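Open the model in your viewer and hide everything but the cartoon. The stops below go through annotated segments first, then the empty spaces and the residues around them.

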Amino acid sequence: MNLSAKTVVLIAIGAALYGIGGLPMFGIPVFANTTLKPAMAVLALFSVLFGPLVGFLVGFIGHWVTDLFAGWGVWITWVLGSGIVGMLIGLYPKITKERLEKGQFSKLDFTLFVVLAFAGNVLGYGCSAFLDAVLYAEPFTKVLAQLTIIAAGNTLLIAVVGHFILTAVAKRKQQSYNLKEAY
């Protein structure tokens, strides 16, 4: 895998924003060791704009940063879950044939964005919950409750914040899409 300098910088910026924004002081505690993080919008934005590889690495590295600075140790199962969330949301440009790059963001595109966010949260954090139950003997009911709360809460948060951000991105792209260089 050969990453350009631009891609490495994007990953570093995204991971730092997601990692620091994921700290408990910026989140909303909802259940045992479970916090809704507005930083999920950062993960979704970087994933949509730069694709699945950037999404995975921003989620994986960013969650690792959160765990390190929060002081509770790195939970690799949930770090992996955030990477999977970013990777799945990062499929958005390919599925929509990069319409956002052309300044297009329809209701169908928004619905697809929300479906990918939900699927990413269910699959990513479902994997985390399963691995916690198997590897760490966490009670199944606890990890299932965590998964349910996180999948629903993150999807709602990503949908609300993402709608405003992606609408603004589409408007900005539309304004510059038809520009021509003067000779």
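Start with the record: in an unreviewed entry, UniProt lists residues 6-28, 40-66, 72-92, 112-137 and 143-170 under "transmembrane region". The coordinates on screen are those of a predicted model.

**Two annotated segments**

Select residues 40-66. This stretch is 96% helix and 0% strand, with its end C-alpha atoms 12 Å apart. Two helices to colour here are α2 (40-50) and α3 (52-70).

Now select residues 143-170. Here the chain is 100% helix and 0% strand, and the end C-alpha atoms lie 37 Å apart. The helix to colour is α7, which spans 140-177.

**The largest pocket**

Show Asn-33, Thr-34, His-63, Trp-72 and Trp-78 as sticks. The largest pocket has a volume of about 490 Å³. Of the 21 residues that line the largest pocket, those five are the closest to its centre.

Next, colour the elements around the largest pocket. β1 (28-31), β2 (34-36), α3 (52-70), α6 (107-135) and α7 (140-177) each contribute at least two lining residues. The largest share comes from α7, with 4 residues. Colour the lining of the largest pocket by class, and it divides into 8 nonpolar, 8 polar and 5 charged residues.

**The second largest pocket**

Move to Val-48, Leu-49, Phe-50, Gly-51, Pro-52, Gly-90, Pro-93, Lys-94, Glu-98, Leu-100 and Glu-101, which line the second largest pocket. Its volume is about 180 Å³. Both α2 (40-50) and α5 (92-95) supply at least two residues of this lining, and α2 gives the most, with 3 residues. By class, the lining of the second largest pocket has 6 nonpolar, 2 polar and 3 charged residues.

**The enclosed space**

How many cavities of 30 Å³ or more are there? The count comes to 1, and the volume of this largest cavity is about 50 Å³. The elements giving two or more residues to its lining are α2 and α7.

To find the cavity, select Ala-41, Ala-44, Leu-45, Val-48, Phe-113, Ile-158, Val-161, Gly-162, Ile-165 and Leu-166, which line it. The largest share of this lining, 5 residues, comes from α7. The lining of the largest cavity has 9 nonpolar residues, 1 polar residue and no charged residues.

Finish on Val-48, which lines the largest cavity and also lines the second largest pocket.

Notes. Residues numbered from 1 in each chain as written. Predicted model: local features only at pLDDT ≥ 70, side-chain atom pairs only at ≥ 80, totals over all residues. Heavy atoms only, no water. 1 Å grid on protein atoms, 1.4 Å probe; cavity = no way out; pocket = protein on both sides within 12 Å on 5 of 7 lines; lining within 4 Å. Points joined across faces, edges and corners; volume = space filled by probe spheres on them. Nonpolar A, V, L, I, M, F, W, Y, C, P; charged D, E, K, R; others polar. UniProt positions renumbered as here; feature names shortened; annotations may be inferred.
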